[in-house]
Each structure stands twice: as C-alpha cells, then as structure tokens.
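Welcome! Here is a short briefing to help you find your way around a structure that may be new to you. Take a look at it first, and then we will go through it topic by topic.

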Amino acid sequence: MKWTIGKGILWIWATVAVAAMTLAAAQELPEGPGKKLLEDKCTACHDVSLVTEKRASREGWAETVQMMKLSGAELNEAETTTLVDYLVANLGPAGAAPAAAGGLPAGEGKQIVENSCTQCHGVDYVTDAHYSKDQWTEVVVRMKLSGAPVEDSQVPVLVDYLTRNFGPTQ
Ligand code: HEC
Ligand code: HEC
C-alpha cells in the first residue's frame, strides 16, 4: 500500500516538474507576433517544448516549419516568414554557445559540458554557478531529467569537472 502511494506522489511530482520546466522554457521567449504564432499554431499536436528545446539554423527552421505545414500546421506565407524569423532569432543554432564555451577550463569533462550543457541555455548558466559536489550532482540529475544528453557513466566525470572548476566560493 505504502509503495502505491509513494509511486503516485512521485508521478505527480514528475508531472509538475516537467510542466514547470516547459512553462519556463516558453516564458523565456520574448513577446511578439512570432510568439503568438508559436502558441496558436504549434501546440495543437505536441507540446511547445518540442519547439523551444530545438536549436537550428534558418534552413533548419524553415524545413521544420515546412514539414509541420505538410502535417497540418496552418500558416500562410507571411505568417511563415514571421515565425521562421522569430525561431531563428530566439532558438538559433547553438553556435553562440560554443564561442562562449571556448573559455571553459581544460580537463576531462569539458567536452561533456560543451556537447550536453549548451543545448538549452548558455554555458554561463554553468560557469556562473558555484556549487558543492552534492549540489552539482543534484543539478546534473535535474538537467538529465529535463533532457540533457548525459550518459550515466559520464556523470561522475562531469560532476568532478564541475566541482573542481565551479565549486563553492569561500
Ligand atoms: C498537425 C500536427 C502538428 C502541428 C500543428 C505542428 N506539429 Fe510539429 N510535429 C508534429 C509531429 C507528428 C511531429 C513528430 C512526432 C514527434 O516528434 O513527437 C512533430 C515534431 C516537431 C518537432 C521535433 C522534430 C524536429 O524537426 O526537430 C519540432 C521542432 C516541431 N514539431 C515544430 C513545430 C512547429 C514550429 C510548429 C508550428 C509551425 C508545429 N511543430 C506544429 C505535428 C505537428
Ligand atoms: C534539455 C535542456 C537543458 C539541457 C540540455 C541542460 N539544461 Fe541546465 N537548465 C535547463 C532549464 C530549463 C533551466 C532553468 C530551470 C531550472 O533551473 O531547472 C536550466 C538551468 C540550469 C542551471 C541554473 C539553475 C541551477 O539550478 O543552478 C544550471 C547550473 C544548469 N542548468 C546546468 C546544466 C548542466 C551542467 C547541464 C549539462 C549536464 C545542463 N544544464 C543542460 C535546461 C537544460
């Protein structure tokens, strides 16, 4: 009995956490006609997070929007241009992140941060933080839950790297 209740609570917790994450991702996007189109035209079949988690070039976004139109998204030419412009401006290629990531200290783990921790936000989220080993472990688990592509086997290396370079300030 206890087990059933525990599982139920865990499930609710996970649902709430995912919902909050999705909301945060969508709210970070600036207001504008592009955001309105995104909310009106791109959420009928799947969650908006499928869109906000993606990073792509202009060609990439144009292709995605075209595919979505083929599968049923209703956008006229002008709306397509507005939306693609908006997506490129706000969810452009992760190119900006690697430039900033150039400043990451060398070491085993750097590669993981570059590959896995700059897909959704700037590397500054990582480099501005000062956490203990336990706190970094908690952050990495949370990021994995929200979709960071980190293998379980990479976690110890990553946490060591983060703690060594971005540990607590005295
Ligand atoms: C008529 C239904 C429908 C609408 C409306 C729709 N999509 Fe999709 N979308 C899909 C389906 C089906 C998939 C593929 C299944 C999946 O990945 O869940 C998908 C997947 C995606 C993906 C992930 C795959 C990829 O190419 O990276 C993105 C991004 C995406 N859609 C963006 C959009 C955008 C932007 C809009 C608004 C212009 C939109 N979608 C509107 C049906 C739709
Ligand atoms: C799938 C998207 C995604 C990926 C990939 C991702 N993050 Fe995040 N991260 C988020 C979101 C959304 C937030 C803001 C919400 C929050 O704080 O949990 C965030 C916030 C953060 C924060 C600031 C909040 C805090 O708790 O201090 C840190 C630090 C962080 N991420 C580190 C990382 C690290 C390290 C990685 C690589 C293992 C990573 N992120 C990969 C989505 C992601």
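A word on domains before we start: their bounds come from an automatic or database domain assignment. With that in mind, the shell around ligand 2 takes at least three residues from domain 1 (2–90) and at least three from domain 2 (96–165). Please keep in mind that this is a predicted model.

**The chain as a whole**

- The chain is made of helices, 10 of them, with 0 strands.
- Reading from the N terminus, you will meet the elements in the order α-α-α-α-α-α-α-α-α-α.
- Of the 170 residues in the chain, 19% are buried.
- Among contacts with a separation of 6 or more, 66% join residues that are 24 or more positions apart.

**Around ligand 1**

- Ligand 1 is surrounded by 16 residues, and the closest are C42, C45, M68, G72 and A73.
- Two helices, α3 (49–52) and α4 (58–70), each provide at least two residues of this shell.
- Helix α4 gives the most to the shell around ligand 1, namely 3 residues.
- Sorted by class, the shell around ligand 1 holds 10 nonpolar, 4 polar and 2 charged residues.

**Around ligand 2**

- Ligand 2 has 20 residues around it, with C117, C120, M143, G147 and A148 as the closest.
- Helices α1 (2–27), α8 (124–127) and α9 (133–145) each contribute at least two residues to the shell around ligand 2.
- Helix α9 has the largest share of that shell, with 4 residues.
- The classes in the shell around ligand 2 are 13 nonpolar, 5 polar and 2 charged residues.

**A closer look at C117**

- You can find C117, one of the closest residues to ligand 2, in the loop between α7 (110–116) and α8.
- Is C117 buried or exposed? It counts as buried because 25 C-beta neighbours lie inside 10 Å, and the cut-off for buried is 20 or more.
- Leaving out residues up to four places away in sequence, C117 touches V123, V126 and A148.
- A148 is also listed among the closest residues to ligand 2.
- From C-alpha to C-alpha, C117 and V140 are 9.4 Å apart, while 23 residues separate them in sequence.

**How α2 and α5 pack**

- Two packed helices are described by the angle between their axes and the distance between the axes.
- For helix α2 (residues 33–41) and helix α5 (residues 77–90), the angle is about 105° and the axes are 8 Å apart.
- Angles of 65 to 115 degrees count as roughly perpendicular, so α2 and α5 are roughly perpendicular to each other.
- On the α2 side, the contact is made by P33, G34, K35, L37 and L38, and on the α5 side by E79, T82, L83, D85 and Y86.
- By class, this contact of α2 with α5 brings together 5 nonpolar, 2 polar and 3 charged residues.

**A closer look at V157**

- V157 sits in helix α10 (residues 155–165).
- How many other C-beta atoms lie within 10 Å of V157? There are 16, so V157 is partly exposed.
- Apart from residues up to four places away in sequence, V157 touches E108, G109 and I112.
- V157 and I112 are 45 residues apart along the chain, and their C-alpha atoms are separated by 8.9 Å.

Definitions and conventions: Residues numbered from 1 in each chain as written. Chains lettered and ligands numbered in written order. Predicted model: local features only at pLDDT ≥ 70, side-chain atom pairs only at ≥ 80, totals over all residues. Buried ≥ 20, exposed ≤ 12 C-beta atoms within 10 Å, placed from the backbone. Contact = placed C-beta atoms within 7 Å. Near = placed C-beta within 6 Å. Nonpolar A, V, L, I, M, F, W, Y, C, P; charged D, E, K, R; others polar. Axes fitted to C-alpha atoms, helices over the stretch in contact; angles between N-to-C directions. Parallel < 35°, antiparallel > 145°, perpendicular 65-115°, else oblique.
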